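Reader: Hello! I would love a close look at one part of this structure, told at a relaxed pace. Could you put it up on the screen before I get specific?

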Number of protein chains: 2
Amino acid sequence: MKKIGILLSGCGVKDGSEIHEAILTLLFIEQKGAKAVFMAPDVEQNQVINHLTGEKTMEKRNVLVESARIARGNIQNVRDVAASDIDGLILPGGFGAVCNLSDFASRGKNMKVNPDVKQLVHKMVSLKKPVGALCIAPATLVGAIPEISPSITVGNDITVSKTIEEMGGKHRNCAVDEIHVDEFNKLVTTPAYMIGPGIKEIAVGIEKLVDKVLSLTTG
Amino acid sequence: MKKIGILLSGCGVKDGSEIHEAILTLLFIEQKGAKAVFMAPDVEQNQVINHLTGEKTMEKRNVLVESARIARGNIQNVRDVAASDIDGLILPGGFGAVCNLSDFASRGKNMKVNPDVKQLVHKMVSLKKPVGALCIAPATLVGAIPEISPSITVGNDITVSKTIEEMGGKHRNCAVDEIHVDEFNKLVTTPAYMIGPGIKEIAVGIEKLVDKVLSLTTG
């Protein structure tokens, strides 16, 4: 049974992983006969947002602990996951993907990626194992591996796509029900809630992404 | 377009709504052409559990605010939702369904249901609008309307089913990929993670539940 890592960044679109995207990724991985392996960095969240009001709170929360809500407790520190343990890796979106897995949200092209996340992505790419990313998460992916000129999509956002090109990536526009594939680097991306408009539309692109990631695994 | 309420109880299986169940409920409602209306009570959570360790923490969190993570901010106080606003109502499971929507988890057959939840459920039943409940949530449903002798399932848990019968409900065993229907009272229940074992199995029962709830709506 193939194992596909799901790299989470908290629990909630405004300060962590986008929950719909994470659960749809899990659903399609398991429906297609593979096994999902949840992971997240064991670091403090960059911020905590009240999702009812949209306001920042003074709370402190931990990315791994909050991600465990999505994973029903079955989750590992990303530092403890070796690329040899998994056949592919997928990063759901949500603001946490660019404020907890990296600081793209605040620093743009001068971003730094969490070192454990960067190491795992590097190793996956060097082993020619596929990596998928949804929504805004491709920005962190590009920041982790700019040297291979990754070709990705975040939908059609002009500001983000310009920044990604400045970082060394290539951006391609893409519809919510489609995927963009960098066949050479085995990267698969889909816009999801960067475009929306709802769960049934993003589900179409996410199912195609999971299918493609599985088809790019070897063995 | 039919509107189906989703009544949440927080965000996470151990102290709130079971996230997979809530998202699958949303997915199937929208895929079948209806509109989901999220709601939750504006009360403090009964407890906050660290989902990585399973331990209780000293934190305070609000049920409506945490539920907003699942709803991407698009959620109402259940007190502000009238039964006339929706065509059906579904309660996902998770421990929050029996510790935030009611106190079934601690008081069993002597439970009390949150008054706003109780009022909405009562009104739905009196208007002959369908109500669905997943996992352990049927226990709270029975506590809200014991006088109509609701027939429900929580799977095959002997202790819970005995307590439900003592409260005036009828319990029927049911497989994870099936639903139990109380046609007279228009109640639809499925065991979901009371039995498990995984998201692809619970998805089958939840899709059938959403189909049945929609078919029981009028107009």
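Reader: In what order do the seven strands of the open sheet in chain A come, and what kind of pairing do they have?

Author: Happy to take you through the sheet, after a word on conventions. This is a predicted model, where local features need pLDDT of at least 70 and side-chain atom pairs count only at pLDDT 80 or more, while totals for chains, interfaces and linings use all residues. Residues are numbered from 1 along each chain as its sequence is written, chains are lettered from A and ligands numbered from 1 in the order in which they are written, and side-chain values use heavy atoms, with hydrogens and water left out.

Now to your sheet. In chain A the order is β3-β2-β1-β4-β5-β9-β8, an open sheet of seven strands with mixed pairing. Strands (E, at least two residues) and helices (H or I, at least four) are DSSP runs numbered from the N terminus, and two strands pair if DSSP finds at least two bridges between them. The edges are held by β3 (75–77) and β8 (180–182) of chain A, each pairing on one side only. From one strand to the next, the twist averages 25°; axes here are lines fitted to C-alpha atoms, for helices over the stretch in contact, and angles run from 0 to 180 degrees between N-to-C directions.

Let us step inward to β4. Strand β1 (residues 3–7) of chain A runs parallel to β4 (residues 88–91) of chain A, and three bridges join them. One residue to find on screen is G5(A), whose bridge partner in β4(A) is L89(A). Towards β5(A), β4(A) again has three bridges and a parallel run, with L91(A) standing opposite A133(A). Both faces of β4(A) are covered: G88(A) and I90(A) are buried on one side, L89(A) and L91(A) on the other. Buried means under 20% relative accessible area, exposed over 50%, and partly exposed in between, with a 1.4 Å probe and protein chains only.

Helices come next. Helix α2 (residues 63–70) of chain A packs on the sheet, where it touches β2 (35–40) and β3 of chain A, and its direction makes about 160° with that of β3(A); contact means heavy atoms within 4.5 Å. Helix α8 (residues 199–216) of chain A lies across β1, β4, β5 (131–134), β8 and β9 (187–190) of chain A, at about 175° to β9(A). Helix α6 (residues 137–144) of chain A has eight of its eight residues buried, so it is largely enclosed by the rest of the structure. Among those buried residues are P138(A), L141(A) and V142(A).

Chain B deserves a look too. A rotation of 180° with 0.0 Å of shift along its axis superposes chain A on chain B, with an RMSD of 0.0 Å. The two copies are thus related as by a two-fold rotation axis. For the fit, copies are superposed by least squares on the C-alpha atoms of residues with pLDDT of at least 70 in both. Of the residues of chain A, I23(A) comes closest to that axis, its C-alpha lying at 3.6 Å. The copies meet through the same surface, because 100% of the interface residues of chain A are also interface residues in chain B.

Within chain B, seven strands form an open sheet in the order β3-β2-β1-β4-β5-β9-β8, with mixed pairing. Here β5 (residues 131–134) and β9 (residues 187–190) of chain B run parallel and are joined by four bridges, and A133(B) has T189(B) as its bridge partner in β9(B). Helix α5 (residues 115–126) of chain B lies across β1 (3–7), β2, β4 (88–91) and β5 of chain B, running at about 135° to β4(B).

Finally, some side chains. I202(B) is placed in helix α8 (residues 199–216) of chain B, and at 0% relative accessibility I202(B) counts as buried. Not counting residues up to four places away in sequence, I202(B) touches several residues, including H20(B), L24(B) and Y193(B). As for rings, the charged end of K128(A) sits over the ring of F184(A), 4.4 Å from its centre. A charge sits over a ring if NZ of Lys or CZ of Arg is within 6 Å of the ring centre and within 35 degrees of the ring normal.
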